[in-house]
Amino acid sequence: VLPKVEVQTVASRMISQEATFTGTVEAQVVNNIAPQQPLRIKEIRFDVGDHVKKGDLLVKLDNSSLVQAKAQLDNAKKEYERTNELYEFGGASKSEWDARRLQYEVAQTAYNNLVENTTLISPISGVVTARNYDNGDMYAGQPVLVVAQIRPVKIMINISEPFFGKLKKGMPVFITLDAYGDEVFKGKIARIYPTIDQTTHTFRVEVSIPNNNERVRPGMFAR
């Protein structure tokens, strides 16, 4: 008597391999808004939680030095233009022309520097996360405002060495946040760092979340 056997069709299929890692949400970019020198703050135009756009005027500082620098620049420009005319007709030496030109360039640089330090412009679009002064205060080292770009946000995670050859830039990542329970947010691998830590045998991966609705905030714990 022949034994009875069961026959099944063999087929290949994709098997999902999942691994869970943890990290903390970070802003994509953080800018500390501050002048290069101590000046009195005339007006802070935004507060914590306010949204700003790239190019917005955030802070105005005392511009009395700017007025003086503008006068010096105008004078240096006139002297240079007068010397330049004389030089073209042989009425001034090359050394005189060089001296006036240098004086004008120095005055222009000083003026431009003061413009940048009396009107502080936002270099990014984002949200104000800190304000350290009030109107009328003297700037004393801390940033006047801190602006964070949160569209997108990123999560830096440390991945075990065996995964190094398996991950690719652009791969989808699914994220849950303690603040939102089991709700899943979608992201992707934005950057894979090329070296492995000799002590922990892990490598860093940057995960990006579009965050168009800004529900994901820096500091949140993520899985």
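Which glycine just after α1 takes a positive phi? Keep that in mind while we walk through this predicted model.

**Stop 1: helix α1.** Select residues 64-88 to pick up α1. With 25 residues at 1.5 Å each, α1 should span 36 Å, and its end C-alpha atoms sit 37 Å apart, which agrees. Now show the side chains of Leu66, Ala69, Leu73, Ala76, Tyr80 and Thr83: these are the buried residues of α1. Part of what covers them is α2, and we'll get there shortly.

**Stop 2: the glycine.** Step just past the end of α1 and click on glycine 90. There's your answer: glycine 90 has a positive phi of about 80 degrees.

**Stop 3: helix α2.** Next, select residues 94-118 for α2. From first C-alpha to last, α2 reaches 36 Å with its 25 residues, close to the 36 Å expected at 1.5 Å a residue. Light up Trp97, Ala107, Tyr111, Leu114, Asn117 and Thr118, which are buried in α2. To see what the buried residues of α2 pack against, add β4 (57-61), α1 and β5 (119-121) to the view.

**Stop 4: the pair together.** Keep α1 and α2 on screen and hide the rest. Their axes come within 8 Å and cross at roughly 155 degrees. An angle over 145 degrees counts as roughly antiparallel, so that is how α1 and α2 run relative to each other. Rotate the view to look at the crossing of α1 with α2, which is left-handed. Colour the contact between α1 and α2 by residue class and you'll find 12 nonpolar, seven polar and eight charged residues.

Terms used
Residues numbered from 1 in each chain as written. Predicted model: local features only at pLDDT ≥ 70, side-chain atom pairs only at ≥ 80, totals over all residues. Heavy atoms only, no water. Axes fitted to C-alpha atoms, helices over the stretch in contact; angles between N-to-C directions. Helix = DSSP H or I, 4+ residues; strand = E, 2+ residues; numbered from the N terminus. Parallel < 35°, antiparallel > 145°, perpendicular 65-115°, else oblique. Left-handed = near helix turned anticlockwise from the far one by under 90°. Nonpolar A, V, L, I, M, F, W, Y, C, P; charged D, E, K, R; others polar. Expected span 1.5 Å × (residues − 1). Buried < 20%, exposed > 50% of the residue type's maximum accessible area, 1.4 Å probe, protein only. Contact = heavy atoms within 4.5 Å.
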